[in-house]
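Grab your viewer and work through these exercises with me. Each one sets a task and then solves it step by step.

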Amino acid sequence: MKYLPTIGIECHVQLATKTKLFSEVDNDARGKEPNACVSPVDFALPGMLPRLNGEAVRLAILAGRAMNCEINSESRFDRKHYFYPDSPKGYQITQFYHPIIDEGYVELPSGTKIRIEHAHLEGDAGKLTHFDTYSLVDLNRVDTPLIEIVSMPDIHSAKDAHDYCKELWRLMTFAGVSYGDLYNGNMRFDVNVSLAPEGSTELGTRAEVKNLNSFRSVERAVEYEIARQSKLLDAGKKVVQETRGWNDGTGKTTGQRSKEEAKDYRYMPEPDLPPINLTADFIETEAAKLPLMPADYRKKFGSILKAEILEVLLDYSELMKKLAEIDKKYVVAIANLFTSVLLAEEKSAEYLNDLPATKQLNDLAEMNEKKELSSTATKEVFLHLFDPQMKRRDTKTIAKELGLIQENDLGALEAIVDLVLAKPETQKAQADFKAGEEKVIGFLVGQVMKESHGKANPSAVQDILRKKLK
Ligand code: MN
């Protein structure tokens with residue numbers, strides 16, 4: 001039997017604020033000792049009260065607008081109760097009834113639109129590390145600000161699930177809302193998958209795969225769930241509504257626990273925090289700070305760059321900002337340099353975040369256009385421009401120092417050609433060429449290149465040789 005998969009995705013995005021959502025300790029615990037970034041508020045000591053971080057609200061506005069969402073003028077916090085050793089309060093402060101971000105949509109590169117149901121602000125939980133007979137609790141991550149983005153069940157394939165997550169990551173990094181460091185769990189995806197017989201108007205029972213932290217694992221987990229559920233349904237069995245875990249090594253999901261209902265969490269309004277009231281003016285002022293988004297770049301460069309090149313470059317927000325500053329006539333050349341040189345050599349994203357100056361790149365493209373640099377030399381200079389010591393230097397000076405500038409001065413080139421043609425070892429080749437042996441021109445050009453220490457412009461040399469050997 002054929003089934004139509006229906007997929008909805010919840011994504012937790014860690015906001016790049018300086019301090020936590022409800023306290024004034026450092027939000028960046030990378031490289032720090034466990035429990036080093038914890039305040040009495042995060043510990044939930046008696047009498048401690050949360051205070052909302054305004055920066056998180058401003059970032060939520062940007063995140064919402066990046067997803068074409070309405071921002072609610074009033075939103076509120078709620079308590080979601082559950083006991084877990086890494087959550088000292090015994091509840092999570094989240095937004096259940098009145099989230100800050102309302103409906104919107106994310107458009108995939110293919111043009112498919114995935115609707116956003118809502119997105120809300122909430123605090124993260126801590127981290128447990130389990131050993132044989134004991135577990136360790138690290139509260140550094142407690143109440144790190146998150147937004148949880150809830151999609152509508154608009155996704156129907158593993159590939160679209162992958163593309164949606166990747167596009168969300170791009171939107172959040174381009175908007176500057178999150179560092180988007182997937183390795184450190186800055187974005188985590190929970191994927192709901194259900195199958196229904198094709199043509200059916202009802203959705204099937206869904207299973208939720210929790211805590212995926214890469215686009216590839218989202219895609220693989222969805223593929224696995226589609227196959228697993230199809231097999232069950234084909235055999236006349238039922239899919240159990242449950243939470244499942246993903247094992248990247250085995251490529252399988254396994255059942256963990258039956259899914260709680262909302263009522264199990266006993267949501268209630270958070271009494272320690274007032275509602276967030278935002279004026280239309282404030283929302284618009286903040287939303288206006290949203291920089292160019294992937295969709296804007298697709299519009300801007302779509303007619304001059306190939307889609308496959310543009311989609312590769314769109315993984316790097318800093319690079320796209322740079323490209324927007326480049327002289328329009330050099331955009332294609334610079335985009336090609338980035339794609340071919342950097343991506344072929346698998347330079348890390350970090351490398352791409354410290355880019356050469358715009359003028360250096362414009363000058364480089366101009367030198368290539370004027371044939372002062374061959375294409376090989378252009379690539380070589382390009383790589384040198386990433387050297388921190390070259391950052392503020394003039395491209396032409398760097399190229400000169402590297403001895404890569406081509407000799408285009410026809411008078412100077414002619415003198416070198418004459419020198420080579422006077423050499424006894426080129427006499428036979430000259431005679432052969434005159435007798436019609438076309439291919440020996442390569443040998444002669446090579447001799448001139450050698451004489452010029454590689455700086456002659458080979459096509460200019462060839463022109464001069466042909467004139468002289470007529
Ligand atoms: Mn959540």
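## Exercise 1: A pocket

The second largest pocket has a volume of about 620 Å³. A pocket here is an open set of points on a 1 Å grid over the protein atoms alone, with protein on both sides within 12 Å along at least five of seven lines; lining residues have an atom within 4 Å of a point. Grid points are joined across faces, edges and corners, and the volume is the space filled by probe spheres set on the points.

Before we start: this is a predicted model, where local features need pLDDT of at least 70, side-chain atom pairs count only at pLDDT 80 or more, and totals for chains, interfaces and linings use all residues. Residues are numbered from 1 along each chain as its sequence is written, and side-chain values use heavy atoms, with hydrogens and water left out.

**Task.** Find which residues lie nearest the centre of the second largest pocket, and which elements give two or more residues to its lining.

**Solution.**
- Step 1: The second largest pocket is lined by 26 residues, and A29, R30, N140, R141 and N184 lie nearest its centre.
- Step 2: Two or more lining residues come from each of β7 (127-130) and β8 (135-138). Strands (E, at least two residues) and helices (H or I, at least four) are DSSP runs, numbered from the N terminus.
- Step 3: The largest share, three residues, comes from β8.
- Step 4: By class, the lining of this pocket has nine nonpolar, eight polar and nine charged residues. Ala, Val, Leu, Ile, Met, Phe, Trp, Tyr, Cys and Pro count as nonpolar, Asp, Glu, Lys and Arg as charged, and the others, Gly among them, as polar.

## Exercise 2: Enclosed space

**Task.** Work out how many cavities of 30 Å³ or more there are, and what lines them.

**Solution.**
- Step 1: A cavity is a set of grid points where a 1.4 Å probe fits but cannot get out. The count is two cavities of 30 Å³ or more.
- Step 2: The largest cavity has a volume of about 70 Å³. Its lining residues include Y82, D86, K89, G123 and D143.
- Step 3: Sorted by class, the lining of the largest cavity has five nonpolar, three polar and four charged residues.
- Step 4: The second largest cavity, with a volume of about 30 Å³, is lined by F174, P291, L292, Y297, S317 and K321. Four of these lining residues are nonpolar, one is polar and one is charged.

## Exercise 3: The manganese ion

**Task.** Identify the protein donors of the manganese ion and place them in the sequence.

**Solution.**
- Step 1: Donors are N, O and S atoms within 2.8 Å of the metal (3.2 Å for Na, K and Ca); water is not among the atoms, so sites may look incomplete.
- Step 2: H12 (NE2), E122 (OE) and E148 (OE) are the protein donors, 2.1 to 2.2 Å from the manganese ion.
- Step 3: The spacing of the donor residues in sequence is H-x109-E-x25-E. E122 in strand β6 (residues 113-123) and E148 in strand β9 (residues 145-151) are 26 residues apart, a pair that links distant parts of the chain.
- Step 4: Both E122 and E148 are buried, where buried means under 20% relative accessible area, exposed over 50%, and partly exposed in between (1.4 Å probe, protein chains only).

## Exercise 4: Buried faces of two helices

**Task.** Where do the buried residues of α6 and α17 fall around each helix axis?

**Solution.**
- Step 1: In α6 (residues 294-301), the buried residues are P294, Y297, R298 and F301. They cover an arc of only 105 degrees around the axis, so they sit on the same side of α6. The arc is that of the directions from the helix axis to the C-beta atoms.
- Step 2: In α17 (residues 458-468), A460, V461, I464 and L465 are buried. They line one face of α17 because they fall within an arc of 135 degrees.
- Step 3: These buried residues of α17 pack against α14 (410-421) and α16 (440-451), with contact meaning heavy atoms within 4.5 Å.

## Exercise 5: Positive phi

**Task.** Is N35 buried, partly exposed or exposed, and how does R266 fare?

**Solution.**
- Step 1: Most residues other than glycine have a negative phi.
- Step 2: N35 has a positive phi, near 60 degrees, and lies in the loop between β1 (3-14) and α1 (40-43). N35 counts as partly exposed because its relative accessibility is 33%.
- Step 3: R266, in the loop between β13 (252-258) and β14 (268-269), has a positive phi of about 45 degrees. Its relative accessible area is 54%, so R266 is exposed.
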